[in-house]
Amino acid sequence: MFLYNSATHKKAPFETHTPGHVEMYTCGPTVYHFAHIGNLRSYIMEDVLEKYLRYEGYDVNRVMNITDVGHLTGDSDEGEDKMLKGARREHKTVMEIARYYTDAFFDDCKKLNIKRPDTVQPATGLIPEFIAMVEGLLERGYAYVAGGNVYFDTSRLQRYHIFFDHDEADLQVGVREGVEEDTNKRNKNDFVLWFTKSKFEDQALKWDSPWGVGYPGWHIECSAISLKYNGEYLDLHCGGIDNAFPHHTNEIAQSEAYLGHPWCGCWFHVHHLNTGDGKMSKSKGEFLTVSLLEERGYDPLAYRFFCLQSHYRKTLVFTWENLDNAQGAYKKLIARVAALVPGDGEADGAVLAAQREKFRNAVGNDLNTSLGITAVYDALKLPTNDATKLAVLEDFDSVLGLDLVKKAARKREEDAKMAASAKTGAGITVTGEGDPEIDALVLARAQAKRAKNFAEADRIRDELKARGIELTDLAAGVIWKRI
Ligand code: AMP
Ligand code: ZN
């Protein structure tokens with residue numbers, strides 16, 4: 001597989017420390033609110049990446065943290081803890097908020113066919129490991145204590161800015177408008193490894209440490225969690241592009257200073273989902289969630305399809321019109337798959353192998369998912385039998401996760417049920433969901449209407465309505481469905 005590595009700024013063959021095995025880490029959500037569909041764009045693309053690596057035959061160990069402490073409202077160590085902000089907003093405890101939004105996150109993931117990582121670790125569950133790592137950094141001379149907090153000393157590094165060619169002056173915390181300079185820091189880029197009560201008195205969760213009662217910085221959690229579950233050599237680190245600086249930059253600083261050797265081979269950053277007025281963000285308060293899409297009648301997998309139509313390294317603009325188009329195309333695609341006849345002969349192994357090769361050339365080239373979708377449409381046009389086409393689609397979908405074959409089978413069943421339940425009486429066709437009692441009532445109403453017995457027709461319509469049945473009158477008959 002070829003993958004763009006944001007640390008080297010190049011697309012190159014993906015290599016791992018141990019051949020055939022991938023140690024993969026993903027920055028998990030900060031669970032102070034629902035995940036918005038921008039966050040979920042990142043997780044969808046990371047999920048496709050994981051599935052593709054497995055498709056290529058790699059054995060993958062994927063780890064994700066849950067940020068339930070230490071992520072401040074400003075990424076440069078200023079502001080209050082985001083979890084505390086969430087707890088205040090909802091008059092709940094921090095742990096109640098964390099539990100609620102962690103569950104909500106995984107419910108959303110399920111709806112979007114995002115696989116749960118092999119290990120999911122809430123930050124609050126690993127405080128002793130964070131403390132041990134901070135102690136190690138102090139021992140190695142990469143950290144110092146000032147004003148009650150422990151800071152990472154970035155001046156000890158040969159190279160700090162890994163991802164972008166930043167203008168140093170732009171990154172100086174103190175010169176950015178509205179950001180208060182922390183006078184404890186020896187260098188402007190230094191960051192907090194451990195906060196003590198001396199700085200944020202109202203922090204809800206605190207632990208004892210060699211430096212006093214306090215709580216960890218956000219960055220240390222990812223370094224320590226990855227070290228515990230992925231080991232000393234990480235092959236692939238994922239996250240949204242906003243996390244590249246300072247979060248990932250600081251993770252590299254801490255991990256490499258602690259380990260004394262290069263840490264992570266490849267960095268995969270997903271670019272943002274934007275709305276017309278900029279990046280979708282939780283802190284703005286109003287944002288789109290999976291539940292909201294469902295309330296508006298969208299299939300969550302139509303959103304996954306929408307994300308897959310674009311490359312992960314391009315900003316994706318969300319509009320309702322764009323989502324409508326994606327949902328329309330997704331439904332049409334399912335209908336085309338449903339039109340294939342399963343069990344129509346044997347699947348042709350040679351065709352399947354050739355198609356797999358084509359799919360690998362597409363998706364294996366820096367995760368080009370839109371070409372992966374093109375491969376799906378091309379497979380539908382192959383001059384081969386339906387059994388082969390279905391086998392090819394099933395194979396591609398193990399990576400794309402669009403439930404193409406499953407949804408098509410369901411559609412076939414529903415269509416067959418509707419067709420089988422078509423009842424005729426006195427030239428009136430009744431089509432419904434296979435309930436003879438309802439069919440009879442619908443037919444009786446249509447006959448009463450035809451006999452101009454409107455009172456009876458209305459009475460039956462009201463009874464059906466009360467039972468949750470919606471009617472559509474057509475020239476040739478009536479269609480009913482449960483609502
Ligand atoms: P958070 O819950 O804020 O810690 O973010 C969870 C993940 O979503 C991180 O990998 C972020 O980089 C990513 N992210 C945040 N906003 C967006 C966005 N608008 N589009 C895509 N990814 C995002
Ligand atoms: Zn992280």
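This is a short walk through a predicted model, from a zinc site to a helix, a buried glutamine and some salt bridges.

**Stop 1: the zinc ion**

Start by selecting ligand 2, the zinc ion, and show the side chains around it. Which protein atoms act as its donors? You should find SG of Cys 27, SG of Cys 222 and NE2 of His 247, at 2.0 to 2.2 Å from the metal. Written along the chain, the spacing of these donors is C-x194-C-x24-H. Colour by secondary structure and you'll see that Cys 27 sits in the loop between strand E3 (21-26) and helix H1 (37-55), while Cys 222 belongs to helix H6 (residues 218-230), so this pair ties together parts that are 195 residues apart in sequence. Switch on a surface: are the two cysteines buried or exposed? Both Cys 27 and Cys 222 are buried.

**Stop 2: Gln 254**

Next, pick Gln 254, which you'll find in helix H7 (residues 244-259). Its relative accessibility is 0%, so Gln 254 counts as buried. What does Gln 254 touch, apart from neighbours within four places in sequence? Light up Met 133, Leu 137, Phe 152, Phe 191 and Leu 193, then add His 219, Ile 220 and Ser 223: these are its contacts.

**Stop 3: helix H16**

Now jump to residues 454-466, helix H16, and try a quick sanity check with the distance tool. At 1.5 Å a residue, its 13 residues should span 18 Å, and the end C-alpha atoms are indeed 18 Å apart, so the two agree. Select Ala 457, Ile 460 and Leu 464, the buried residues of H16. Rotate until you look straight down the axis: why do these residues line one face of the helix? Their directions fall within an arc of 70°, so they share a face. The general background here is that an α-helix has 3.6 residues a turn, so residues three or four places apart point the same way.

Flip to the other side of H16 and you'll meet the exposed Ala 455, Lys 465 and Ala 466. Back on the buried side, bring up the packing partners, helix H15 (436-450) and strand E17 (469-473). Before you leave, click on Gly 468, just after H16, where phi is positive at about 80°.

**Stop 4: salt bridges**

How many salt bridges does a search of the whole structure find? The count is 32, and a few are worth a click.

Since you're already by E17, begin with Asp 473 and Arg 445, whose closest N and O atoms are 3.1 Å apart. Asp 473 is in strand E17 and Arg 445 in helix H15, so their salt bridge ties together parts that are 28 residues apart in sequence. Compare the two ends: Asp 473 is partly exposed at 39% relative accessibility, whereas Arg 445 is buried at 6%.

Then go to Glu 129 and Lys 228, a salt bridge with its closest N and O atoms 3.5 Å apart. Glu 129 lies in helix H4 (residues 127-139) and Lys 228 in H6, so the parts tied together here are 99 residues apart in sequence. Both ends count as partly exposed, Glu 129 at 28% and Lys 228 at 43%.

Finish with Asp 118 and Lys 115, where the closest N and O atoms of the salt bridge are 3.9 Å apart. Asp 118 is partly exposed at 42%, as is Lys 115 at 28%. Extend the selection to Glu 46, Glu 50, Arg 54 and Arg 62: salt bridges with shared partners join these four with Lys 115 and Asp 118 into one network.

Methods: Residues numbered from 1 in each chain as written. Chains lettered and ligands numbered in written order. Heavy atoms only, no water. Donors = N, O, S within 2.8 Å, 3.2 Å for Na, K, Ca; no water. Helix = DSSP H or I, 4+ residues; strand = E, 2+ residues; numbered from the N terminus. Buried < 20%, exposed > 50% of the residue type's maximum accessible area, 1.4 Å probe, protein only. Expected span 1.5 Å × (residues − 1). Arc of directions from axis to C-beta. Contact = heavy atoms within 4.5 Å. Salt bridge = Lys/Arg side-chain N within 4 Å of Asp/Glu carboxyl O.
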